[in-house]
Amino acid sequence: MSAPLRVLIATDSFPPVCGGSGWSSWELARGLTARGHHVEVVKIEIGRAAGVDETLFHGVRVTTFRDRAPDVPVVRNLIKNERLWSRVGRYLLEQRLKSGGIDVVHAQHVMTTVPAIRAGEATGVPVVATVRDYWPVCYWSDLIYDPRGTALCPACTVANMTRCVRPRAGALPVAAWPVIPYMRRNLRTKRRTLARAGAVIAVSSAIARDLEARAPELAGTPMYTIPNPVDMSALDAAHASAPRAIDGPYVLYAGKIATNKGTQFLVRAYQAAGLTWPLVVAGDGPERAPLEAEAADAGIDLRVRGWSARDDVWALMRHATLLAFPSYGPESLSRVLIEAAALGVPIAAMDTGGTRDIIRPNETGLLAADAAGFGRDLARLAGDEHLRVRLGTAARADVRARFSAASVVERVEQVYRRLIPPRAA
């Protein structure tokens, strides 16, 4: 039997709250612990005060490394990247890795990956990096060409960066153009450092394809496609006993109310589908006011519940007539979709990014190429109860087999053991 490992998880999001990345890191830590390994977490946090403190989360030692960053464009990014990389790298090197108490580091996010790899190189500790969005190839991490929602970025060229900076710079886009050389250096540093990881885990085939196409520096780096782990036992319990919070049929949207999530298409598609059921939104975000105004003009019964506890969202999912997923940006691997599928909810989604890693078209859900098709799929699901039952039942069985934390964590452990010298393992 293989010896237990000592694993340090470096992450930007922990403990789990409402975002999917925090839950993924926790399920990894919990799954490794259940397999007999020793797990510690170092979390990076940008706030009002700098410092280091330690807590325990369900028995896992969590060290929070805090830094300050003013809400000033460019300055904030420099602190969250170049300055933070240096400070966190020194901390990991001197306080966590030099003593030899760690067998492998698993970096989870953009702020922690570069310093973790640098510290690992200096100490000989192998580093695995999970890429869960597009940060190695897009300065904004989302491949959104225009945040107003008109196009996706085809390639990160100087010309395209000039265009993507413009809507984000407010009234002074020309003044922001000199920042582009910095943005290009920043991305180059991320890619070149990521290429020095012992292994890269892409959470979906879409992420893996994009790294292969847009990050040639990674050509020699071992890459594995392994999804985020999901606690299926908790979802099974919710499926069996989650209380109903809303009487009657309703359509659910869960997530951030933002352009990259496609909420600008939601009301239009809802109208086209001819739906009269309440449209329930479990989430919040910068586009809430326009969504509410558009729904009011259209006479749609929109109920925005804001950010909610995970169990409350699952209860809404469990009893929803269907889930609407209009995501416009190239989703890496949506936890909302995995959880909804595990709860047997029939799904109509836009066909973007890694969504096909979760939904099999016409087998476990409906996928649309555009907003018009999305509206037709909503109408099709709403009008066909037999189809809803068939898709929801198949989706539940499928994701339980492919995304359960136990099987995913075992695959991650196999990656660790390929990197660790036999004497350490």
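Mentor: Before we start, note that a cavity is a set of grid points where a 1.4 Å probe fits but cannot get out, and that its lining residues are those with an atom within 4 Å of a point. Please also keep in mind that the structure above is a predicted model.

Trainee: With that in mind, which residues line the second largest cavity?

Mentor: A search of the whole structure finds two cavities of 30 Å³ or more, and the second largest has a volume of about 70 Å³. Applying the 4 Å cut-off to the points of this cavity, we find that its lining is made up of C138, Y139, W140, I144, Y145, C153, A155, C156, N160, M161, C164 and M183.

Trainee: Which helix gives the most to the lining of the second largest cavity?

Mentor: The lining of this cavity divides into 11 nonpolar residues, one polar and no charged. Among the lining residues are N160, M161 and C164, and the helix that spans residues 158-165 gives three residues to the lining, so the name to remember, with helices numbered from the N terminus, is helix 4.

Trainee: How many residues line the largest cavity, and how do they divide into nonpolar, polar and charged?

Mentor: The largest cavity has a volume of about 90 Å³, and T130, P227, N228, P229 and V412 are the lining residues that lie nearest its centre. Its lining holds 13 residues, and these divide into seven nonpolar, five polar and one charged.

Trainee: M183 was named in the lining of the second largest cavity, so which residues of helix 6 are buried?

Mentor: Helix 6 covers residues 180-194, and its 15 residues reach 21 Å from the first C-alpha to the last, close to the 21 Å expected at 1.5 Å a residue. In general, an α-helix has 3.6 residues a turn, so residues three or four places apart point the same way. Taking buried to mean under 20% relative accessible area, the buried residues of helix 6 are I180, Y182, M183, N186, L187, K190, R191, T193 and L194.

Trainee: Against which elements do the buried residues of helix 14 pack?

Mentor: Helix 14 runs over residues 385-402 and reaches 26 Å from its first C-alpha to its last, and at its start a side-chain oxygen of D384 comes to within 3.2 Å of the backbone nitrogen of H386. The buried residues of the helix are L387, R388, L391, G392, A395, R396, D398 and V399. These residues pack against helix 8, helix 12, strand 14 and helix 13.

Trainee: Is T364 buried or exposed?

Mentor: T364 sits in the loop between strand 13 and strand 14, where its side chain reaches the backbone nitrogen of R360 at 2.8 Å. Leaving aside neighbours within four places in sequence, T364 is in contact with I358, I359, L391, A394, A395 and D398. Because its relative accessibility is 4%, T364 counts as buried.

Trainee: What is omega of the peptide bond from F14 to P15?

Mentor: F14 is found in the loop between strand 1 and helix 1, and P15 lies in the loop between strand 1 and helix 1 as well. F14 is buried, at 2% relative accessibility, and, not counting residues up to four places away in sequence, it touches G22, S25, W26, V41, K43, F57 and V62. In general, most peptide bonds are trans. The bond from F14 to P15, however, is cis, with omega near -5 degrees.

Trainee: Is V52 buried or partly exposed?

Mentor: V52 has its place in strand 3, which covers residues 51-57, and it touches T63, T64, F65 and Y91 when residues up to four places away in sequence are not counted. Since its relative accessible area is 46%, which falls in the range between buried and exposed, V52 is described as partly exposed.

Trainee: What are the phi values of H58 and S141?

Mentor: In general, most residues other than glycine have a negative phi. H58, placed in the loop between strand 3 and strand 4, is exposed at 66% relative accessibility, while S141 is found in the loop between strand 6 and helix 4. Neither is a glycine, yet both values are positive, with phi of H58 near 50 degrees and phi of S141 about 70 degrees.

Notes
Residues are numbered from 1 along each chain as its sequence is written. This is a predicted model: local features need pLDDT of at least 70, side-chain atom pairs count only at pLDDT 80 or more; totals for chains, interfaces and linings use all residues. Side-chain values use heavy atoms; hydrogens and water are left out. On a 1 Å grid over the protein atoms alone, a cavity is a set of points where a 1.4 Å probe fits but cannot get out, and a pocket is an open set with protein on both sides within 12 Å along at least five of seven lines; lining residues have an atom within 4 Å of a point. Grid points are joined across faces, edges and corners, and a volume is the space filled by probe spheres set on the points. Ala, Val, Leu, Ile, Met, Phe, Trp, Tyr, Cys and Pro count as nonpolar, Asp, Glu, Lys and Arg as charged, and the others, Gly among them, as polar. Helices (H or I, at least four residues) and strands (E, at least two) are DSSP runs, numbered from the N terminus. Buried means under 20% relative accessible area, exposed over 50%, partly exposed in between (1.4 Å probe, protein chains only). A polar contact is a pair of N or O atoms within 3.5 Å; within protein, one must be able to donate a hydrogen and the other to accept it, and residues adjacent in sequence count only if both atoms are side-chain atoms. Contact means heavy atoms within 4.5 Å. The expected span of a helix is 1.5 Å times one less than its number of residues.
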